[in-house]
Amino acid sequence: MQKKVFECSIDYIQVMDENGNIDANLMPKDVDDNKIVEMYKYMLFARNLDSKTLSLQRQGRADTFAPLLGEEASQIGVAFAMRKDDYLIPAFRQHGIYLARGLPIKSYFLYWKGYEEGNATAKSINALPIIVPVATQMPHGAGVAFTQKYLGRDVVAVAYVGDGGTSEGDFYEAINFAGVNKLPFIAIIENNQWAISIPRNKQTAAETLAQKAVAVGIKGIQVDGNDVIGVYKVVKDAIDNSKNGPTVIECVTYRMSMHTTADDPTKYRSDSEVKAWAEKDPLKRVRAYLVKKGLWNDDLEKKTTEEQLAQIDKAVEEAETFKADPKSMFENIYSFMPEVLKDEEDSAVAANFWQ
Ligand SMILES: Cc1ncc(C[n+]2csc(CCOP(=O)(O)OP(=O)(O)O)c2C)c(N)n1
Ligand SMILES: [Mg+2]
């Protein structure tokens with residue numbers, strides 16, 4: 001006897017195409033033109049924050065960081081769909097969603113200047129700190145979701161991972177655990193086509209990354225990650241369905257810039273590839289839509305950018321004049337302070353070495 005015991009397929013969603021045309025059948029009911037303007041402003045803000053951080057890094061005023069250029073929709077769409085009490089578990093390239101969730105910009109700069117105080121504020125927006133070890137945040141995210149379910153709260157944990165991160169055991173373990181326990185967990189795969197210099201096609205033989213969800217018995221869906229409304233829609237649907245269990249959402253996007261400021265992408269990818277993706281720029285299509293409707297123009301773009309840059313400059317100034325409490329580097333490691341660490345703290349204080 002032979003029979004088919006399982007079959008599957010993965011849907012791809014796009015609500016707004018590259019030219020700013022909307023598929024009315026898929027348009028979420030709660031998205032109107034005002035909301036689209038707000039989404040656009042946040043995408044612009046994320047882009048401005050990104051370019052300012054890059055310029056500071058080049059001047060030696062910020063540490064190395066991972067730019068988000070090109071990935072704005074995969075973050076702002078999620079931010080707009082999430083509710084206030086939902087938890088955000090980022091990786092290391094998610095400053096756009098941090099910004100839209102209300103993280104003070106000063107905190108973001110403090111982090112990239114090497115001060116842990118910058119990370120601590122994430123708590124105030126129900127977010128975990130920036131997490132650099134690839135995919136280790138995923139089991140934490142599943143744990144957060146488990147806690148929320150255990151406490152009977154209607155709260156979802158939304159965790160980010162890169163295309164490269166989906167090859168890590170941590171990713172699989174997290175979605176497997178979330179599936180078994182039907183957790184309110186959403187895994188956002190920010191598939192930007194590259195894991196440093198490893199292209200997506202060297203990452204896995206699987207045709208989509210979303211289908212990894214199928215192996216653990218949960219829902220997987222692919223979305224145009226450069227379409228902010230599409231991203232909003234799939235995340236909103238996943239939140240609405242979170243009482244029934246988790247969802248894996250693959251946002252198909254592109255890292256337009258370098259992996260980090262320590263990387264030179266021209267060494268491993270072609271200009272033509274970058275140019276082709278520039279056509280799919282997440283801001284370009286929304287701007288085209290809004291301009292066509294008379295809701296946006298060059299003057300508004302200039303004025304909004306100036307206002308955003310002024311806010312960013314103020315935050316930079318605050319971060320640059322920040323006086324850290326040196327003891328904080330000893331105090332936030334363990335829930336109690338072991339003797340050996342206390343000795344180190346005492347001798348550092350005695351030597352006054354940070355002066
Ligand atoms: C466990 C671990 N291995 C290796 C690294 C070095 N590393 C940092 S980012 C990165 C690639 C991540 O690619 P992806 O998951 O696609 O995320 P992206 O950087 O594209 O956002 C690697 C290998 C790390 N930080 N942690
Ligand atoms: Mg990647």
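**Group meeting: a first look at the model**

Good morning. Let me begin with the ligand: 15 residues surround ligand 1, and those that come nearest are V134, G162, G164, G165 and A195. By character, the shell around ligand 1 comprises six nonpolar, five polar and four charged residues. I should say at once that what we have before us is a predicted model.

Let me turn to the overall division of the protein. There are two parts: domain 1, covering 12-261 + 269-324, and domain 2, covering 328-355. Taken over C-alpha atoms, the centres of domain 1 and domain 2 are separated by 36 Å.

Next, I would draw your attention to one residue, Q14. Where does Q14 lie? Its place is in the loop between β1 (12-13) and α1 (33-58). Q14 counts as partly exposed because 19 other C-beta atoms lie within 10 Å, whereas a buried residue needs 20 or more. In sequence, Q14 and V223 stand 209 residues apart, yet in space they are 6.1 Å apart, C-alpha to C-alpha. Leaving aside residues up to four places away in sequence, Q14 touches D224, D227 and G230.

I now come to helix α6, residues 137-150. With 14 residues at 1.5 Å a residue, α6 should span 20 Å, and its end C-alpha atoms are indeed 20 Å apart, so the two values agree. Which residues of α6 are buried? They are Q137, M138, G141, A142, V144, A145, Q148 and K149. These buried residues cover an arc of only 155 degrees around the axis, and therefore they sit on the same side of α6. As general background, an α-helix has 3.6 residues a turn, so residues three or four places apart point the same way. What covers the buried residues of α6? The covering elements include β2 (87-89), β3 (157-162), α7 (169-180) and β4 (185-191). After α6 comes G152, with a positive phi near 75 degrees.

Finally, let us consider helix α11, residues 282-292. Its buried residues are P282, R285, V286, R287, Y289 and L290. Among the elements that cover the buried residues of α11 are α1, α2 (73-81) and α9 (228-240). Here α1 is the helix that bounds the loop of Q14, and α9 contributes to the cover of α11. Following α11 is G294, whose phi is positive, near 75 degrees.

Thank you for your attention.

Definitions and conventions: Residues are numbered from 1 along each chain as its sequence is written. Chains are lettered from A and ligands numbered from 1 in the order in which they are written. This is a predicted model: local features need pLDDT of at least 70, side-chain atom pairs count only at pLDDT 80 or more; totals for chains, interfaces and linings use all residues. A residue is near a molecule or strand if its C-beta atom, placed from the backbone, lies within 6 Å of it. Ala, Val, Leu, Ile, Met, Phe, Trp, Tyr, Cys and Pro count as nonpolar, Asp, Glu, Lys and Arg as charged, and the others, Gly among them, as polar. Domain bounds come from an automatic or database domain assignment. Helices (H or I, at least four residues) and strands (E, at least two) are DSSP runs, numbered from the N terminus. A residue is buried if 20 or more other C-beta atoms lie within 10 Å of its own, exposed if 12 or fewer, and partly exposed in between; C-beta atoms are placed from the backbone. Two residues are in contact if their C-beta atoms, placed from the backbone, lie within 7 Å. The expected span of a helix is 1.5 Å times one less than its number of residues. The arc is that of the directions from the helix axis to the C-beta atoms.
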